[in-house]
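Visitor: I'm in my first year and still learning to read pictures like this one. Could you pick one part and walk me through it slowly, piece by piece?

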Amino acid sequence: MKLSQYGYDFSPELLAKYPAENRDESRLMVVNRKTGTIEHRVFKDILDYFEEQDLFVMNDTKVFPARLYGNKEKTGAEIEIFLLRELNRELRLWDVLVDPARKIRIGNKLFFGDDDVLGAEVIDNTTSRGRTLRFLYDGTYEEFKETLYRMGETPLPRWVREKVEPLDAERYQTIYADKEGAVVAPTAGMHFSKHLLKRMEIKGVERAFITLHAGLGNFRTVDVEDLSKHKMDSEQYFVSEEAAQSVNSAKKGGHRVVAVGTTVMRTLETVVSTNGMINANNGWTNKFIFCPYDFSVADAMVTNFQLPYSTQLMMVAAFGGYDTIMNAYKIAKEEEYRFGTYGDAMLIL
């Protein structure tokens with residue numbers, strides 16, 4: 001498969017600027033990969049397709065307020081900082097992106113907030129845009145972290161909406177978000193409401209949680225036609241013994257395993273062994289899944305409608321079948337489904 005095969009006629013009008021009023025009332029396209037048939041439902045109908053002891057695997061990563069605005073010492077130039085990951089808790093070192101990058105050099109100091117309550121010093125250039133900052137703050141680690149996050153803004157992608165609004169703090173997050181560390185939300189999981197999770201319990205449909213801290217690499221442009229030459233950014237994952245046992249028990253019992261989102265699918269395929277069972281583990285994965293690929297764990301997948309040429313679309317096409325998925329996207333446009341982060345959902349059976 002080549003990069004050019006993952007394009008489709010895309011218009012910005014397809015993008016959802018805002019989430020559905022209720023999480024579980026977004027639209028749901030149900031695609032049967034064996035027959036190619038398509039149904040149009042509402043997301044809360046998803047349980048109609050599953051039985052007792054089927055297992056939904058969800059990503060419980062939590063997005064933190066990663067975007068900060070500050071000023072450069074002396075010149076006062078406005079600087080935007082995007083926190084990527086904490087490198088050292090004691091030294092308060094963070095890996096960040098800086099915009100505009102050309103104005104920032106090693107030794108520069110930056111200040112954030114009223115009265116410059118939080119300062120930082122640039123101590124390393126890690127990439128063309130990346131930097132390592134040492135934050136300067138007199139107080140405990142807990143006070144520093146609270147101050148840092150209070151100043152931060154929800155890292156809603158700019159292509160969704162230029163201006164972040166108060167609703168984004170809640171809606172650019174799953175309701176079961178728990179393990180802090182992501183700068184990109186696992187969007188397929190954002191359709192699940194408390195009411196829907198309760199209905200799952202009542203029906204006996206089970207769920208397990210893994211963690212993959214999604215990073216900005218999810219938005220990195222693929223710039224090679226030969227997909228085998230594309231390198232994914234590494235992302236940190238955690239799969240507990242409990243989660244591994246839940247998945248393996250479901251498979252041994254002949255029950256279906258549902259990957260909620262591409263982050264879950266990548267994680268499951270990272271920790272699967274040759275016998276089709278998964279192992280408890282934690283580490284970093286840069287696994288890139290595209291056609292053709294033999295999936296070992298999940299029997300079904302929940303996903304949003306992905307952007308053209310994205311690695312997420314490539315994975316979805318690998319799971320659902322290239323022709324089936326590209327046809328489904330054609331129909332989604334005709335039926336005016338909403339695409340992207342806050343858009344509608346697809347269930348692939």
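Guide: Let's begin with a term we will need: an axis here is a line fitted to C-alpha atoms, for a helix over the stretch in contact, and an angle between two axes runs from 0 to 180 degrees between their N-to-C directions. Please also keep in mind that this is a predicted model.

Our part is a barrel. Six strands form it, closed and antiparallel in pairing, in the order S5-S6-S7-S10-S9-S8. Averaged over neighbours, and with direction ignored, the strands of this sheet are turned by 45 degrees against each other. As background, strands of a sheet pair through backbone hydrogen bonds, in a parallel or an antiparallel way.

To see one such pairing up close, find strand S6, residues 78-88, and strand S7, residues 93-99; 7 bridges join them in the antiparallel sense. One spot to look for is isoleucine 81, whose bridge partner in S7 is valine 98.

Now add the helix. H1 covers residues 141-151 and lies across the barrel strands S5, S6, S7, S8, S9 and S10. Its direction makes an angle of about 20 degrees with S7. To trace the strands on your screen, S5 is 67-72, S8 is 109-112, S9 is 118-125 and S10 is 130-136.

Let's follow one barrel strand to its charged contacts. The side chain of arginine 67 forms a salt bridge with that of glutamate 153, with N and O 3.6 Å apart. Since arginine 67 belongs to strand S5 and glutamate 153 to the loop between H1 and H2, this salt bridge ties together parts that are 86 residues apart in sequence. The two ends sit in unlike surroundings: arginine 67 has a relative accessibility of 4% and therefore counts as buried, while glutamate 153 has a relative accessible area of 22% and is partly exposed. The cut-off behind those words is simple, because buried means under 20%, exposed means over 50%, and partly exposed is in between.

The pair is not alone. Arg67 and Glu153 share a network of salt bridges with Glu80, Arg158 and Glu162. Within that network, arginine 158 and glutamate 162 form a salt bridge in which the closest N and O atoms are 4.0 Å apart. That distance still qualifies, because the limit for a salt bridge is within 4 Å. Apply the accessibility cut-off again: arginine 158, at 31%, is partly exposed, and glutamate 162, at 56%, is exposed.

For context, the structure holds 22 salt bridges. Another of them joins the side chains of lysine 44 and glutamate 25, at 3.2 Å from N to O. Here too distant parts of the chain are linked: lysine 44 is in the loop between strands S2 and S3, glutamate 25 is in the segment before S1, and the two are 19 residues apart. Lysine 44 has a relative accessible area of 32%, so it is partly exposed, and glutamate 25, at 41%, also counts as partly exposed.

To revisit the picture on your own, start with the closed barrel of 6 strands, lay H1 across it, and then step from Arg67 into the salt-bridge network.

Note on methods:
Residues are numbered from 1 along each chain as its sequence is written. This is a predicted model: local features need pLDDT of at least 70, side-chain atom pairs count only at pLDDT 80 or more; totals for chains, interfaces and linings use all residues. Side-chain values use heavy atoms; hydrogens and water are left out. Two strands pair if DSSP finds at least two bridges between them. Helices (H or I, at least four residues) and strands (E, at least two) are DSSP runs, numbered from the N terminus. Contact means heavy atoms within 4.5 Å. Buried means under 20% relative accessible area, exposed over 50%, partly exposed in between (1.4 Å probe, protein chains only).
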